[in-house]
Amino acid sequence: EKAPEVWHWHAGGHAGIEGLPEFRAEVEHRAAMREQSRWHILPWALYSADGELVLHEDQLGGVLLAFEGGRWVWPGIREGVERSV
């Protein structure tokens, strides 16, 4: 099995990437994302692991999650719920 690719990037640019638009373009390229017509209404979005929408270059760090639907939705459960699996 192939190990997942880890992409090291730091604020200030990496390999010709100087800002958020270039970073988004690189994500689309690396993930082989094909442009969707719905992106004109609801573009895909990047979120931090804390659920913050990434809007600025200085937020590009740590684990980032890409949502094709453009929205982060926390699970609809109350705090403290336990489930046996």
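**View 1. One aromatic pair is what this structure holds.** Rings of Phe, Tyr and Trp (its six-membered ring) count as a pair if their centres lie within 6.5 Å, and the planes make them stacked when under 30 degrees apart, edge-to-face when over 60 and tilted for the rest. Here the partners are Tyr-47 and Phe-67, which meet edge-to-face, with 5.6 Å from centre to centre and 90° between the planes. Tyr-47 belongs to strand S1 (residues 45-48) and Phe-67 to strand S2 (residues 64-67), so the pair ties together parts that are 20 residues apart in sequence. Helices (H or I, at least four residues) and strands (E, at least two) are DSSP runs, numbered from the N terminus. How buried or exposed is Tyr-47? At 8% relative accessibility, Tyr-47 counts as buried, while Phe-67 is partly exposed at 28% relative accessible area. For these words, buried is under 20% relative accessible area, exposed is over 50%, and partly exposed is in between (1.4 Å probe, protein chains only).

A note before you look further: this is a predicted model, where local features need pLDDT of at least 70, side-chain atom pairs count only at pLDDT 80 or more, and totals for chains, interfaces and linings use all residues. Residues are numbered from 1 along each chain as its sequence is written, and side-chain values use heavy atoms, with hydrogens and water left out.

**View 2. The whole protein runs α-β-β from the N terminus on.** That is one helix and two strands. Of the 85 residues, 21% are buried. The mean pLDDT (the predictor's confidence in each residue, from 0 to 100) is 76, and 74% of the residues reach 70 or more. Confidence is lowest in H1, with a mean of 83, and highest in S1, at 87.

**View 3. S1 and S2 are antiparallel partners joined over four bridges.** Strands pair if DSSP finds at least two bridges between them. Look for Ser-48, which stands opposite Leu-64 in S2. In a regular strand the side chains alternate between the two faces of the sheet. S1 is covered on both faces: Ala-45 and Tyr-47 on one side, and Leu-46 and Ser-48 on the other, are all buried.

**View 4. Seven residues form the largest nonpolar core.** Such a core is a set of buried Ala, Val, Leu, Ile, Met, Phe, Trp, Tyr and Cys residues joined through side-chain atoms within 4.5 Å. Which residues are in it? They are Leu-20, Phe-23, Val-27, Trp-44, Leu-46, Val-54 and Leu-60. Helix H1 (residues 20-30) gives the most, with three residues. Try following Val-54: leaving aside neighbours within four places in sequence, its contacts (heavy atoms within 4.5 Å) include Leu-20, Tyr-47 and Gln-59.

**View 5. Arg-24 lies over the face of Trp-44.** The distance to the ring centre is 3.9 Å. A charge sits over a ring if NZ of Lys or CZ of Arg is within 6 Å of the ring centre and within 35 degrees of the ring normal.

**View 6. Arg-71 has its place in the segment after S2.** This residue is exposed, with a relative accessible area of 53%. Not counting residues up to four places away in sequence, Arg-71 touches Leu-42 and Tyr-47. The C-alpha atoms of Arg-71 and Leu-46 are 9.0 Å apart, although 25 residues separate them along the chain.
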